[in-house]
Amino acid sequence: MAGRPPRLEQVFQKYVQPLYFVTFVTAGRARLLARDAVHETFRAYALQGVDRGVAVGRYVLMPDHVHLFVRGSFDFVLAQWVRLLKRRLSKAINEPLPHWQEGFFDHLMRGSESYAQKWDYVRENPVRAGLASNSEEWPYQGEIVCLSYE
């Protein structure tokens with residue numbers, strides 16, 4: 001990083017980009033997302049991001065909302081990324097608009113404190129909603145990139 005004092009180069013080399021837990025919801029909680037076409041589109045978008053320095057970790061697509069973990073490069077803008085993801089998913093939904101509630105919820109993960117805890121909670125969503133008898137049965141979940149704090 002040209003122009004920075006030498007001591008800051010050491011700090012920036014050790015800096016881990018923020019890890020976000022993100023949730024966004026369909027308009028009126030419409031059940032638009034738990035579909036093969038939407039899932040395939042989500043995975044394709046997430047895989048394209050890897051080449052651009054954006055890593056989607058674990059995720060669950062519920063019928064009316066999405067939970068995911070994402071980490072971006074230093075110039076990553078979460079709001080822009082979510083907006084583009086929603087736009088891409090809208091094409092796969094193929095139903096009359098609107099598809100989305102405005103905005104999204106994000107939580108900046110702090111250390112390893114809650115990645116495992118949050119994931120344990122999120123992956124059980126389909127079970128709590130009566131959509132699967134165990135979390136492994138739910139087809140609209142996965143992990144694109146293994147994210148950690150190490």
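Student: In which strand does His 67 lie?

Tutor: The model considered here is predicted. In this model, the strand that contains His 67 is β3.

Student: Is His 67 buried or exposed?

Tutor: The relative accessibility of His 67 is 10%. A residue under 20% relative accessible area is classed as buried. His 67 is therefore buried.

Student: With which side chain does the side chain of His 67 make a polar contact?

Tutor: Contacts of His 67 beyond four places in sequence include Phe 21, Tyr 59 and Asn 125. The polar contact joins two side chains at 3.2 Å, and the partner of His 67 is His 65.

Student: How many bridges join strand β1 to strand β3?

Tutor: Strand β1 covers residues 19-25 and strand β3 covers residues 65-71; the two run antiparallel. Phe 21 stands opposite Phe 69 in β3. The number of bridges joining β1 to β3 is 7.

Student: Which strands stand at the edges of the sheet, and why is one side of each left without a neighbour?

Tutor: The sheet is open, with 5 strands paired antiparallel in the order β4-β1-β3-β2-β5. Each edge strand has a single partner, so one side has no neighbour in the sheet. These edge strands are β4 (105-108) and β5 (141-143).

Student: At about what angle to β2 does helix α2 run?

Tutor: Helix α2, residues 36-50, lies across β2, β3 and β5. Helix α3, residues 78-93, also packs on the sheet, and its direction makes about 40° with that of β1. For helix α2 and β2, the angle is about 170°.

Key: Residues numbered from 1 in each chain as written. Predicted model: local features only at pLDDT ≥ 70, side-chain atom pairs only at ≥ 80, totals over all residues. Heavy atoms only, no water. Pairing = 2+ DSSP bridges. Helix = DSSP H or I, 4+ residues; strand = E, 2+ residues; numbered from the N terminus. Contact = heavy atoms within 4.5 Å. Axes fitted to C-alpha atoms, helices over the stretch in contact; angles between N-to-C directions. Buried < 20%, exposed > 50% of the residue type's maximum accessible area, 1.4 Å probe, protein only. Polar contact = N/O pair within 3.5 Å; in protein donor to acceptor, adjacent residues only side chain to side chain.
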